[in-house]
Amino acid sequence: MQLVVDDRPVAGVEVADTALARARGLLFRRELPEALLLRPCSSVHGAWMRVPLDVALLSAGLEVLHTQVLRPWAVTRPRRGVHQVLEAPAGSFERWGLRPGSRLALVRE
């Protein structure tokens, strides 16, 4: 899948939409994917992570409601209206121009 931010393709994205895939998330991976979309999901943690991640909390319609850099062992605060979470290596969102209010889309490659 290709991740599109405000009508611009920016990265490949893995979708974790089963309980097992969401539970694994990015834990214990040697290499991080360009992006990981967890759905349904309302918050994430950085337990056992070694590097910071860019995290976007998303509406059901893939609108960015909040972004933050998640440090190892930190957690995101649950927020009203969050149905999905996008994770990416730290610095990705700045390169992609992703910010609160951005509209995301997924396109099959």
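**Strands, cores and contacts in a predicted model**

Q: In the open sheet of 3 strands, what is the strand order?
A: This model is predicted. The open sheet has 3 strands with antiparallel pairing. From one strand to the next, the twist averages 30 degrees. The order is E2-E1-E8.

Q: Which strands are the edge strands of this sheet?
A: The sheet has the order E2-E1-E8. An edge strand pairs on one side only, and the two that do so are E2 and E8.

Q: In E8, which residue is the bridge partner of Leu3?
A: Strand E1 covers residues 2-5 and pairs with E8 in the antiparallel sense. The two strands are joined over 4 bridges. For Leu3, the bridge partner in E8 is Leu106.

Q: Which residue in the turn between E1 and E2 has a positive phi?
A: E1 and E2 are paired in the antiparallel sense over 4 bridges, and Val5 has Arg8 as its bridge partner in E2. The two strands form a hairpin with 2 residues between them. The turn residue with a positive phi, about 50 degrees, is Asp6.

Q: Is Gly12 buried or exposed?
A: Gly12 is placed in strand E2, residues 8-12. Its relative accessible area is 17%. Buried means under 20%, so Gly12 counts as buried.

Q: What distance separates the C-alpha atoms of Gly12 and Glu34?
A: Leaving aside residues up to four places away in sequence, Gly12 touches Met1, Gln2, Glu34 and Ala35. Along the chain, Gly12 and Glu34 are 22 residues apart. Their C-alpha atoms are separated by 5.8 Å.

Q: How many of the 6 residues of E5 are buried?
A: On one side of E5, Leu53, Val55 and Leu57 are buried, and on the other side Asp54, Ala56 and Leu58 are buried. Both faces of the strand are therefore covered. E5 is largely enclosed by the rest of the structure, because the number of its residues that are buried is 6 of the 6.

Q: In E7, which residue is the bridge partner of Ala56?
A: E5 pairs with E6 in the antiparallel sense over 6 bridges, and Leu53 has Leu70 as its bridge partner in E6. E5 is also joined by 6 bridges to strand E7, residues 84-89, and these two run antiparallel. In E7, the bridge partner of Ala56 is Leu86.

Q: Which residue in the turn between E5 and E6 has a positive phi?
A: E5 and E6 form a hairpin, with 5 residues between the two strands. A positive phi of about 70 degrees occurs in the turn, at Leu62.

Q: Which elements give two or more residues to the largest nonpolar core?
A: In soluble globular proteins, nonpolar side chains tend to be buried together. The largest nonpolar core here has 17 residues, and those touching the most other members are Leu3, Leu58, Leu86, Trp96, Leu98 and Leu104. The elements that give two or more residues to this core are E1, E2, E5, E7 and H2.

Q: How many residues are in the second, separate core?
A: Leu58, from the largest core, touches residues including Leu37, Val64, Leu86 and Leu104. A second core is separate from the largest one, and Val44, Leu53, Val55 and Leu70 are among its members. This second core has 12 residues.

Q: What is the angle between the planes of Phe93 and Trp96?
A: Phe93 and Trp96 both lie in helix H2, 3 residues apart, about one turn of the helix. Phe93 and Trp96 are both buried. The count of aromatic pairs comes to 1. In this tilted pair the rings are 5.8 Å apart from centre to centre, and the angle between their planes is 40 degrees.

Q: Which residue forms a salt bridge with Arg103?
A: The count of salt bridges comes to 1. The closest N and O atoms of the pair are 3.5 Å apart. Arg103 lies in the loop between helix H2 and strand E8, while its partner is in the loop between strand E5 and strand E6, 40 residues apart. The partner is partly exposed, with a relative accessible area of 25%, and is Glu63.

Q: What percentage of the residues in the protein chain is buried?
A: The protein chain has 2 helices and 8 strands, running β-β-β-α-β-β-β-β-α-β from the N terminus. Of its 109 residues, the buried ones make up 43%.

Definitions and conventions
Residues numbered from 1 in each chain as written. Predicted model: local features only at pLDDT ≥ 70, side-chain atom pairs only at ≥ 80, totals over all residues. Heavy atoms only, no water. Salt bridge = Lys/Arg side-chain N within 4 Å of Asp/Glu carboxyl O. Buried < 20%, exposed > 50% of the residue type's maximum accessible area, 1.4 Å probe, protein only. Contact = heavy atoms within 4.5 Å. Pairing = 2+ DSSP bridges. Axes fitted to C-alpha atoms, helices over the stretch in contact; angles between N-to-C directions. Core = buried A, V, L, I, M, F, W, Y, C linked by side-chain atoms within 4.5 Å. Phe/Tyr/Trp six-rings, centres within 6.5 Å; stacked < 30°, edge-to-face > 60°.
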